[in-house]
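Open the model in your viewer and keep the selection tool at hand. The tour moves from one pick to the next.

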Amino acid sequence: IISLSEKTSISSKVIPAFPTDEECYIHGLFATNNYLYVPRLIKSSGTEVIDRIDLRNFSVETIFEKTRIAEKVVFGLSFSFEQVEKDFGVHPNFVFSNDKDVFFAAYDKGIFKVTPDKTAKNIIADKINYDVAYDGNYIFYVTVEGVLKQYEIKSGKTEILTDKTVTPYTLKVTKEDITFESDKEKVTIKK
């Protein structure tokens, strides 16, 4: 059950169930003013999906569904490859959006952008840690090696932000700055 609570009152509303009676695992939620993004694994079929719930009328639209074809971008060139085994697909762990573009992190494979055909395009091929942040213009992430990087959505360019190694689970991004821990020391970078 997903419940929506108002900020100004203590009342809440249960969002209608998905149009299926199948058991599923919900990985996490991401909310904007208009939509709720729900990545989930349908247990019976093993299908990974991302549903977008319109918060005005609670309609549900599937915007991503795991497929056997994936696309990878290397040096600006796109390559499609067939996945050899069922478990080789992408598993959305963290979804974020500005309601125009939808992205998700698949920690063992990088960060992907959802495409109109309900598949995903790999835009960041780095293996990432669980530290991912998004501010509408940039995606900030930490690689498994502890390197803090910034991906500019508009240009598609990635840059390393510091030579310090980031301690896992410490990345915080605000409108003004980026903070993290490195060797038990708090580090702040102005945006």
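Buried, on this tour, means under 20% relative accessible area. Exposed means over 50%, and partly exposed is in between. The model is predicted.

**Stop 1: two rings under the cut-off**

Select Phe-96 and Tyr-134. Both residues are buried. Now look at the rings themselves. Their centres are 5.0 Å apart and their planes meet at 40°, so Phe-96 and Tyr-134 form a tilted pair. That angle is neither under 30 degrees, which would be stacked, nor over 60, which would be edge-to-face. Colour by strand next. Phe-96 sits in strand S10 (residues 94-97) and Tyr-134 in strand S14 (residues 128-134), so the pair ties together parts that are 38 residues apart in sequence.

Extend the selection to Phe-94 and Phe-103. Ring pairs join Phe-94, Phe-96, Phe-103 and Tyr-134 into a cluster. How many aromatic pairs are there by this rule? The count is nine.

**Stop 2: the tyrosine pair**

Another of these pairs is Tyr-35 with Tyr-37: the ring centres lie 6.2 Å apart and the planes are at 50°, so this pair is tilted. Is Tyr-37 buried or exposed? Tyr-37 has 0% relative accessibility, so it counts as buried. Tyr-35 is buried because its relative accessible area is 18%, and the cut-off is 20%.

Keep Tyr-35 selected and add two arginines. Arg-52 lies over the face of the Tyr-35 ring, 4.9 Å from the ring centre. Arg-56 also lies over the face of Tyr-35, with 5.6 Å to the ring centre.

**Stop 3: Val-102 and its surroundings**

Pick Val-102. This residue belongs to strand S11 (residues 102-106). Val-102 has a relative accessible area of 5%, so it is buried. Show its contacts, leaving aside neighbours within four places in sequence. What does Val-102 touch? Its partners are Tyr-37, Arg-52, Ile-63, Val-95, Phe-96, Ser-97, Phe-112, Lys-113 and Val-114. Several names come from the earlier stops: Tyr-37 is in the tyrosine pair, Phe-96 is in the ring cluster, and Arg-52 is over Tyr-35.

Use the distance tool from Val-102 to Ile-50. The C-alpha atoms are separated by 9.8 Å, with the two positions 52 residues apart along the chain.

**Stop 4: two aspartates with positive phi**

Go to Asp-99. Its place is in the loop between S10 and S11. Phi is positive here, about 75°, although Asp-99 is not a glycine. Asp-99 is partly exposed because its relative accessible area is 22%.

Jump to Asp-183. Which loop holds this residue? Asp-183 is in the loop between strand S19 (177-182) and strand S20 (185-190). Asp-183 has a positive phi too, about 50°, and is not a glycine. At 71% relative accessibility, Asp-183 counts as exposed.

**Last stop: the whole chain**

Zoom out and switch to the cartoon. The chain has zero helices and 20 strands. Of its 191 residues, 39% are buried. Turn on the surface. About 11600 Å² is exposed, and carbon and sulfur atoms supply 51% of that area. Finish with the contact map. Among contacts between residues at least 6 apart in sequence, 26% join residues at least 24 apart.

How values were computed
Residues numbered from 1 in each chain as written. Predicted model: local features only at pLDDT ≥ 70, side-chain atom pairs only at ≥ 80, totals over all residues. Heavy atoms only, no water. Helix = DSSP H or I, 4+ residues; strand = E, 2+ residues; numbered from the N terminus. Buried < 20%, exposed > 50% of the residue type's maximum accessible area, 1.4 Å probe, protein only. Contact = heavy atoms within 4.5 Å. Phe/Tyr/Trp six-rings, centres within 6.5 Å; stacked < 30°, edge-to-face > 60°. Lys NZ or Arg CZ within 6 Å of the ring centre and 35° of its normal. Areas by Shrake-Rupley, 256 points an atom, 1.4 Å probe, with all protein chains shown as cover.
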